[in-house]
Amino acid sequence: MTNAELKEALGSSWVIKNNKVIPVMDNRNFENYTITCSTAFIWTGSKISVVPVIKDMDGMEVDAYNYNVSISPSPVQEAGTYTMTVTGKASRGYSGTLSHEFKVVKQLLGEGTQSNPYTISSTADWNSFADIVNGGEQYWNKYVALENDIEISTMVGLDSDHKFEGKFDGRGHKLTANIVSNDPAFEGTAPFHYTYGAEFYNLTVDGTITSAGKYAGGLVGWSGIYDEFENCVVKATIITGADYAGGFIGNIGGVSNAKVSFTDCVFAGTIQSIDSNQHKVGGFVGYGMGTTSMTNCLENGTYTNISLMNPRTG
């Protein structure tokens, strides 16, 4: 059947575009548009201005005079969860609405310096830390310290634009993870989903990390260039439904000059398949480009129903 015949059979609500038969969509309806806005803002004690970017179906930015923005509750000032509603102006020929939820969160205690780092003392602190990073604060060259053993279920870092770039000192404490992703399309399930130039010290990770997608990691899912790990131990069980899970890192960078170093680190956890299918894994790194250096490290993991080991295992 040709595209023309298919369009004829489907009726007038379908058109041919880019050699495909697609449904007719109202290009003046905001319900077909996208909204870009931070998901978290750091509390300042003062009123915060929140400005969205709206793009139409062709990816073109829509001028602000074509829509109204309301936020509830208002004003945006206290720590909490807020809902933004963007409505197309009928007087300008637009219709429909978009909504976006965001948080105002308080910064961690401390100043982010080596002598006075931001501190995480509880699961609630970790969740705030995740909200802040996932909202766009990358903690570049800032120090964050773990003050207690805590349990976590939230990942830090949304994507390559929302990643952790700081220095994380576990101070001998332990993260016990209970992190689950059942989406096969989601890659890089780990306590730190995205990092870039990050440093990790004196940290133990235990618990369970379950991922239906590729590149699950005991500590980091997607590692950018120049990440460093020193005196870190992963004892966690990683349950994977796809290839390239790694004891520490799921995937290193995407560039040939990526460099990751491990010093005095141990993988003593378990990597196992989520089902009867066998998968490719790595004791320290599941997959990656560039150079990995290891000094005085030990791979002492347990592997169940695995087909192939990445040579970067310690």
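**Exercise 1.** In this predicted model, classify Leu6 as buried, partly exposed or exposed from its relative accessibility, then place Leu6 in the secondary structure and in its surface patch.

*Solution.*
Step 1. The relative accessibility of Leu6 is 32%. Buried means under 20% and exposed means over 50%, so Leu6 counts as partly exposed.
Step 2. Leu6 belongs to helix α1, which covers residues 3-10.
Step 3. A residue needs over 30% relative accessible area to enter a patch. Leu6 forms a nonpolar surface patch with Met1 and Leu10. Together these residues have about 310 Å² of accessible area.

**Exercise 2.** Find the geometry of the peptide bonds from Ser72 to Pro73 and between Ser74 and Pro75, and say where Pro73 and Pro75 lie.

*Solution.*
Step 1. Going from Ser72 to Pro73, omega is near -10°, and the bond is cis.
Step 2. Ser74 and Pro75 are joined by a cis peptide bond as well, with omega about 0°.
Step 3. Pro73 sits in the loop between β6 (67-72) and β7 (80-88). Pro75 is also placed in the loop between β6 and β7.

**Exercise 3.** State the sign of phi for Tyr244 and Asp264, and locate Tyr244 and Asp264.

*Solution.*
Step 1. Tyr244 is not a glycine, yet its phi is positive, at about 70°. Its loop runs between β20 (237-240) and β21 (245-246).
Step 2. Asp264, likewise not a glycine, has a positive phi of about 55°. The loop holding Asp264 lies between β23 (259-263) and β24 (266-267).
Step 3. With a relative accessible area of 33%, Asp264 is partly exposed.

Conventions:
Residues are numbered from 1 along each chain as its sequence is written. This is a predicted model: local features need pLDDT of at least 70, side-chain atom pairs count only at pLDDT 80 or more; totals for chains, interfaces and linings use all residues. Side-chain values use heavy atoms; hydrogens and water are left out. Patches are made of residues with over 30% relative accessible area and no salt bridge: like charges are joined within 9 Å, nonpolar side chains (Val, Leu, Ile, Met, Phe, Trp, Tyr) within 5 Å. Accessible areas come from the Shrake-Rupley method with a 1.4 Å probe; for residues, only the protein chains shown count as cover. A salt bridge is a side-chain nitrogen of Lys or Arg within 4 Å of a carboxyl oxygen of Asp or Glu. Helices (H or I, at least four residues) and strands (E, at least two) are DSSP runs, numbered from the N terminus. Buried means under 20% relative accessible area, exposed over 50%, partly exposed in between (1.4 Å probe, protein chains only).
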